[in-house]
Amino acid sequence: MARVAIIKLFTGLNLAPAQLSGELIRAGHESRVYYFRDYEDHTLEDSVNYEVADFSGLLFSVDGREVIWNCYTPFTDFEFDLLFKALEDFRPDAIGFSLYSGIIDESALVTEKIRERFNVPIIWGGPAPTLEPESCIPHADLICINEGEEVIVELANRIDSGDSWLDIEGTWARDNNGEIHKNPNRSNLPLNDIAIPDWRTENYVHIGKERAVRGRFPRNLGKEYPIMTQRGCPFSCSFCIESRYQEMFGKKDSLRRRDIDVVIEELRWAKENLDIETILFYDDVFTVNPRWLDDFLPRYKEEIGMPFWCYTYPTTHNLRMMKQLKDAGCVSITMGVQSGSERILKEYYNRPTKMARVIEAGKEIVEAGLTGFFDLITINEFDREEDLRQTFDFLIEFPKELKCVAFGEMITFPTYSFTMMSDENKASKKEPNAIASSDEQPSRETYDYYHKLYRLTRTPMPLDQLRQIGNDIRFRNDHSLLDPYLNPEKIARFTGLSA
């Protein structure tokens with residue numbers, strides 16, 4: 001029996017540690033999950049006083065604040081001592097890291113510190129080593145490429161038996177001479193074969209700035225249970241990691257869904273063993289398979305019966321399905337919109353969706369009685385002012401009952417299709433004979449103006465007044481004139497409606 005410690009830098013949405021821990025326990029090994037430190041969100045002005053992870057973005061909150069996410073204070077010797085003491089109590093035979101591309105440097109630092117105290121194999125897994133193996137392998141003894149359930153168990157088995165782990169499929173491994181062994185990839189595994197994730201609090205340690213606490217989930221989990229009934233996505237949005245995985249491992253078998261019996265079994269376990277109140281379905285598009293939902297939702301209602309949230313996509317649902325979800329216990333749903341410009345959606349996001357359909361999809365959410373949210377990417381380097389205007393025109397027609405928590409700028413993660421387009425665009429502008437275009441990306445002042453217009457569309461202001469303000473050149477020349485309309489206490493005065 002091997003003991004494997006799994007470290008997750010910075011708390012946040014990440015199902016991998018719980019899943020890997022569940023696999024190890026089912027295979028007869030021991031595991032413990034360590035959440036090391038928390039991210040903080042700070043205003044743009046305050047963020048200069050903090051470290052910021054790579055690929056963090058600027059969010060324009062609907063309350064008017066500009067926020068940088070993924071800020072943190074530098075690691076301290078005291079915090080490292082807390083981590084070392086917690087690991088020493090467990091005495092791991094191997095240590096794993098689950099990481100995405102934004103925290104390679106931070107993970108390398110923590111790995112270096114751990115090596116000073118522990119002489120055990122260190123494996124990195126997650127999106128970062130999958131997408132950027134060359135950048136990751138210098139820091140780890142082996143890295144997992146793609147899914148890690150079978151890899152982590154085979155590593156534990158080999159450690160237990162004393163066998164070499166240099167040739168495990170689905171990994172790159174670095175031997176004592178520094179030679180890299182690039183082993184063959186593994187096929188995507190059948191999802192019905194994966195274990196129930198390990199969410200038992202006794203297997204968790206949370207290390208913050210001041211103390212290490214055994215048996216406590218990170219603050220973001222609360223009483224919500226996260227689950228995925230499927231992996232993969234039927235779509236290939238250029239800014240999404242799923243499109244990159246499709247390119248690397250093939251699209252044919254990328255979208256897999258678990259049998260209903262298996263999903264119900266996990267949810268029943270969670271309901272009976274954890275203090276939870278809400279289920280969060282983190283499938284990329286929960287509404288992708290109507291037949292599966294037709295069979296699943298009645299059973300969910302009868303056997304689980306808890307409020308839940310999920311994602312949808314404009315072209316994958318209809319009013320009937322929204323009513324089905326509502327009847328089964330769905331209380332809120334989030335739909336990806338990303339832009340009100342069909343040019344941006346088609347040419348740069350690989351989401352050729354007609355805005356008329358997006359508007360209709362939003363109306364279906366409202367008519368079904370669901371609380372609706374939507375995602376919107378409002379800044380990218382290919383924007384032109386006509387795209388921003390089209391997004392405003394779309395939002396006027398889009399049901400204002402649907403809310404957007406924050407507008408975000410595009411993040412160019414390594415190797416994504418959108419990033420490749422971005423790199424080509426930047427390179428073309430640096431060519432010696434490049435001709436400057438008069439049709440450039442809008443200025444920051446222009447974005448600020450449109451962000452205020454976007455926020456205004458979510459207020460009770462009548463549509464005709466929204467259009468009038470949007471066409472008034474005075475607001476375009478001085479967007480501070482929009483501020484009174486965005487003050488909740490003054491909305492009634494300007495619109496004749498209650499805030």
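In this predicted model, the second largest cavity is lined by Asn146, Glu147, Gly148, Glu149, Glu150, Arg186, Ser187 and Leu189. Its lining residues divide into one nonpolar, three polar and four charged. The space in this second largest cavity is about 60 Å³.

The count of cavities of 30 Å³ or more comes to three. For the largest cavity the volume is about 60 Å³. Ser339, Ser341, Ile344, Tyr349, Ile377, Thr378, Asn380, Asp383, Asp387, Leu388, Thr391 and Tyr454 make up the lining of the largest cavity. By class, that lining has five nonpolar, five polar and two charged residues. Strand S20 (371-379) and helix H13 (385-397) each supply at least two residues of the lining of the largest cavity. Helix H13 gives the most, with three residues. Rolling a probe the size of a water molecule over the atoms shows where empty space is left.

The next topic is nonpolar packing. The largest nonpolar core has 97 residues. Within this core, the residues with the most contacts are Leu267, Ile279, Phe281, Phe296, Phe308 and Leu325. Leaving aside residues up to four places away in sequence, Phe296 touches Ile260, Val263, Ile264, Leu267, Phe281 and Phe286. A second, separate core has 38 residues, including Phe10, Ala53, Ile103 and Ile207. In soluble globular proteins, nonpolar side chains tend to be buried together.

Strand S3 covers residues 40-43, and its side chains alternate. Glu40 and His42 point to one face and are buried. Asp41 and Thr43 point to the other face and are not buried. This follows a general pattern: in a regular strand the side chains alternate between the two faces of the sheet. S3 runs antiparallel to strand S6 (residues 66-72), and three bridges join the two. Opposite His42 in S6 stands Ile68.

Three loop residues can be set side by side.

| Residue | Loop | Relative accessibility | Class |
|---|---|---|---|
| Asn14 | between strand S1 (3-9) and helix H1 (16-26) | 17% | buried |
| Arg37 | between strand S2 (30-36) and S3 | 1% | buried |
| Thr415 | between strand S21 (406-409) and helix H14 (417-430) | 22% | partly exposed |

Asn14 counts as buried because its relative accessibility, 17%, is under 20%. Not counting residues up to four places away in sequence, Asn14 touches Lys8, Tyr35, Ser98 and Trp199. The C-alpha atoms of Asn14 and Gly126 are separated by 9.8 Å, although these two residues are 112 residues apart along the chain.

Arg37 is not a glycine, yet has a positive phi of about 75 degrees. With a relative accessible area of 1%, Arg37 is buried. This residue lies in the loop that leads from S2 to S3.

Thr415, also a residue other than glycine, has a positive phi near 75 degrees. At 22% relative accessibility, Thr415 is not under the 20% cut-off, so it counts as partly exposed. Most residues other than glycine have a negative phi.

How values were computed. Residues numbered from 1 in each chain as written. Predicted model: local features only at pLDDT ≥ 70, side-chain atom pairs only at ≥ 80, totals over all residues. Heavy atoms only, no water. Buried < 20%, exposed > 50% of the residue type's maximum accessible area, 1.4 Å probe, protein only. Helix = DSSP H or I, 4+ residues; strand = E, 2+ residues; numbered from the N terminus. Pairing = 2+ DSSP bridges. Core = buried A, V, L, I, M, F, W, Y, C linked by side-chain atoms within 4.5 Å. Contact = heavy atoms within 4.5 Å. 1 Å grid on protein atoms, 1.4 Å probe; cavity = no way out; pocket = protein on both sides within 12 Å on 5 of 7 lines; lining within 4 Å. Points joined across faces, edges and corners; volume = space filled by probe spheres on them. Nonpolar A, V, L, I, M, F, W, Y, C, P; charged D, E, K, R; others polar.
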